[in-house]
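Let's take a walk through a protein together, going from one helix out to the whole chain. Keep the picture open as you read.

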Amino acid sequence: MSGNPFRYGRAADVLVDRIDELARVVRVGEECGTLFLIGPRRFGKTSILRAAEAKLTDAGRVVLRYDAEAFDDIGSLAAALLAGAVRKYSSALDRAQAIAKKFFVALKPSLTLDPSDGKITVAVGVEPGARLGAVPLFTDVLNGIERLAAEDGRPALVVVDEFQQVVTEAGEKAERQIRAAVQRHRAVGYVFAGSSSRMMTEMVATSNRAFWQLGDQMHLGPIPRPAFGDFLRKGFESVGATIAIGALEHILDLGEDVPYNVQQLANECWVLITDNRRRHLTATLVDEALGRVVSMQHVSYLQRWLLLARAQKQTLRIVSEEPIGFELSAAAFRHGLPRTTMQRALEALERQHFLRQDLGGTAATWRFEDPFMRAWLATLENQ
Ligand SMILES: Nc1ncnc2c1ncn2[C@@H]1O[C@H](COP(=O)(O)OP(=O)(O)O)[C@@H](O)[C@H]1O
Ligand SMILES: [Mg+2]
């Protein structure tokens, strides 16, 4: 028997749907364009970027993909980008040394070769902790990559995932500096991906902000139900399970179409089916699986919950009890909470990744980043 076909937590190996999105990112790589990929956490941005990187790399292109949230500061991100560029454009240490000297001399890079695996390590001589210099450092690296790619003849695609982190840290001045660099580059394409819809959208769409019209925007929505439903059906049928009417829809409903949550819930259903030789997927079994997922996450939910202020706890409960798209003033009034208090609490909960704002319609809609938190809140006793 093969393993669980439903995976979550890491970039997806098998992409459901997303064909157009993937093609678009690949095209940006081929044409050295600039693209902003915007979508909530858990929707599959990194999965698309990873698949695009694989395609472009197979075609002999150079892709430098980094997650801004994985670094302590922009200086460290810049250093990693530099190291990646030197490594990918050079085959041997002497060539790497020459490249580092020629294109990144101002950054004082020093190279070492790890004898165990032959990997070249690059360190930046400029102290990355020198925060003030971090953004020029970052743009210096981008400029170096442009010169390097132009001379090498192989264009590069620079992918910065969770890009809002850069702007959060460095501010609007950084936007202008990065824009000025990116705009002049011909041998390097850029994909800036971000999960803070509000910040990314404001950054790209507000005319007085520097990134305006620098590139195209692609907004990532949920995976269409027919495609996701098919994928789920095949996974369950592969172990000989039969599927009750409405059971797959129930998984998509409880996961609120968030790809991560849908996969996580399906994963647990699959475990119940294969472990207990229960061959029939029903809505009841889905509920049981959700109960198990929620109880496995109880400690981490509880830890986060305990850090919340009282008004934030109240607000989170209200959001979980109100229907999606509730009207703020009316809900605050009904629950006896001042509107401004609730508004502030909502924003704090957004910053802490409990909630996200869906900006699709005319009025912003508050949603759970992790829809299963609703079910967890329901298990807590009302205080
Ligand atoms: N196209 C897809 N097909 C199937 N599952 C997906 C897809 N995109 C995302 N997922 C699921 O969602 C999870 C999170 O995806 P990820 O790419 O890390 O999202 P993001 O970068 O937007 O936070 C993956 O581990 C996977 O379970
Ligand atoms: Mg991601």
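Helix α9, made of residues 247-254, is mostly covered, with six of its eight residues buried. Those buried residues are A247, L248, H250, I251, L252 and L254. If you look for what lies over them in this predicted model, you will find, among other things, the helices α8 (225-237), α10 and α11 (283-296), together with the strands β8 (242-243) and β9 (280-281). Just after α9, the backbone does something worth spotting: E256 takes a positive phi of about 50°.

Helix α10 is a good bridge to our next stop, the ligand. Which elements give two or more residues to the shell around ligand 1? They are α2 (45-58) and α10 (259-275). The shell has 22 residues, and V16, G44, T46, S47 and P259 come nearest to the ligand. By chemical character, the shell residues divide into nine nonpolar, six polar and seven charged. Both domain 1 (19-219) and domain 2 (225-296) take part, each giving at least three residues to the shell around ligand 1.

Now find A193, which lies in strand β6, residues 188-194. Is A193 buried or exposed? It has 26 C-beta neighbours inside 10 Å, and a residue needs 20 or more to be called buried, so A193 counts as buried. Leaving aside residues up to four places away in sequence, A193 touches L37, K45, L49, D161, E162 and F163. The chain also brings A193 and T46 together in space: they are 147 residues apart along the chain, and their C-alpha atoms are separated by 8.3 Å. You have met T46 already, as one of the residues that come nearest to ligand 1.

For a pair of strands, turn to β3 (residues 109-113) and β4 (residues 120-124). These two run antiparallel and are joined by five bridges. T112 of the pair stands opposite T121 in β4, while L113 stands opposite I120 in β4. Together β3 and β4 form a hairpin, with six residues between the strands. In the turn, G118 has a positive phi of about 70°.

Time to step back and see the whole protein. The domain assignment gives three parts, listed here.

| Domain | Residues |
|---|---|
| domain 1 | 19-219 |
| domain 2 | 225-296 |
| domain 3 | 310-379 |

Taken over C-alpha atoms, the centres of domain 1 and domain 2 are separated by 38 Å. Across the protein there are 16 helices and 11 strands. How compact is the protein for its length? Its radius of gyration is 23 Å, close to the 21 Å that the globule rule gives for 383 residues, so the protein is as compact as a globular protein of that length. Along its principal axes, the C-alpha trace spans about 65 × 55 × 35 Å.

Two percentages round off the picture. Of the 383 residues, 40% count as buried. Among contacts with a separation of 6 or more, 71% are between residues 24 or more positions apart.

Notes
Residues are numbered from 1 along each chain as its sequence is written. Chains are lettered from A and ligands numbered from 1 in the order in which they are written. This is a predicted model: local features need pLDDT of at least 70, side-chain atom pairs count only at pLDDT 80 or more; totals for chains, interfaces and linings use all residues. Domain bounds come from an automatic or database domain assignment. Helices (H or I, at least four residues) and strands (E, at least two) are DSSP runs, numbered from the N terminus. The radius of gyration is taken over C-alpha atoms; the globule rule is 2.2 Å times the number of residues to the power 0.38. A residue is buried if 20 or more other C-beta atoms lie within 10 Å of its own, exposed if 12 or fewer, and partly exposed in between; C-beta atoms are placed from the backbone. Two residues are in contact if their C-beta atoms, placed from the backbone, lie within 7 Å. A residue is near a molecule or strand if its C-beta atom, placed from the backbone, lies within 6 Å of it. Ala, Val, Leu, Ile, Met, Phe, Trp, Tyr, Cys and Pro count as nonpolar, Asp, Glu, Lys and Arg as charged, and the others, Gly among them, as polar. Two strands pair if DSSP finds at least two bridges between them.
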